[in-house]
Amino acid sequence: MEDKRYEARFTRIVTFMLDCQKVFDSMPTGIKANHIKRIEQYLPGLRAAGEDERLKFIAAKAIKLGEELVKYAKMFRAEKEPLEIIQAEGDKIVGLMAELEVEIQKAGVDSNV
């Protein structure tokens, strides 16, 4: 039972990361409010995943990515910040996604999921 719950939570994190990549990749053509809401809807589930000691670190990285991506998407939509700031924030999101991907790969190898 515990392993099924772990697998479900791990899968939720992987799915979240893939959705983050889709949202981020869609930004040049226009970010929509439903993209932001979709990312925000993951956050409670990610917090629940963090209750599992084995997923605590990876869930924290996923939550950080989600919060930063929502902030960035809202900034991107508003178009009020200078391009340099938006680009720097975008670079930060890319770095967070890369970190999360590495952690997911490590966790997948460790757990054989």
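**Exercise 1. Is I104 buried, partly exposed or exposed, and what relative accessibility decides this?**

Solution. The model is predicted; local features need pLDDT of at least 70, side-chain atom pairs count only at pLDDT 80 or more, and totals for chains, interfaces and linings use all residues. Residues are numbered from 1 along each chain as its sequence is written, and side-chain values use heavy atoms, with hydrogens and water left out.

Step 1. Recall the classes: buried means under 20% relative accessible area, exposed over 50%, and partly exposed in between, with a 1.4 Å probe and protein chains only.

Step 2. I104 has 10% relative accessibility, so I104 counts as buried.

Step 3. Place the residue: I104 lies in helix 4, which spans residues 83-111. Helices are DSSP runs of H or I with at least four residues, numbered from the N terminus.

Step 4. List the contacts, where contact means heavy atoms within 4.5 Å. Apart from neighbours within four places in sequence, I104 is in contact with F10, I13, V14, M17 and I58.

**Exercise 2. Compare the separations of I104 and K32 from A62 in sequence and in space.**

Solution. Step 1. I104 and A62 are 42 residues apart in sequence, and their C-alpha atoms are 9.8 Å apart in space.

Step 2. K32 and A62 are 30 residues apart in sequence, with 21 Å from C-alpha to C-alpha.

Step 3. K32 is in the loop between helix 1 (2-26) and helix 2. Its relative accessibility is 48%, so K32 counts as partly exposed.

**Exercise 3. Describe the surroundings of two charged residues, R9 and E103.**

Solution. Step 1. R9 is found in helix 1 and is buried, because its relative accessible area is 15%.

Step 2. Outside its neighbours within four places in sequence, R9 is in contact with A48, A49, E51, D52 and L55. The C-alpha atoms of R9 and A59 are separated by 9.1 Å, while the two residues are 50 residues apart along the chain.

Step 3. E103 is found in helix 4. With a relative accessible area of 16%, E103 is buried.

Step 4. The E103 side chain makes a polar contact with the side chain of K106 at 3.3 Å. A polar contact is a pair of N or O atoms within 3.5 Å; within protein, one must be able to donate a hydrogen and the other to accept it, and residues adjacent in sequence count only if both atoms are side-chain atoms.

Step 5. Not counting residues up to four places away in sequence, E103 touches F57, I58 and K61.

**Exercise 4. How do the axes of helix 2 and helix 3 cross?**

Solution. Step 1. Two packed helices are described by the angle between their axes and the distance between the axes. Axes are lines fitted to C-alpha atoms, for helices over the stretch in contact, and angles run from 0 to 180 degrees between N-to-C directions.

Step 2. The axes of helix 2 and helix 3 (residues 56-78) come within 9 Å and cross at roughly 160 degrees.

Step 3. Angles under 35 degrees count as roughly parallel, over 145 as roughly antiparallel, 65 to 115 as roughly perpendicular and the rest as oblique. Helix 2 and helix 3 are therefore roughly antiparallel to each other.

Step 4. Residues of helix 2 in this contact include A33, I36, L43 and R47, and those of helix 3 include A62, G66, V70 and R77.
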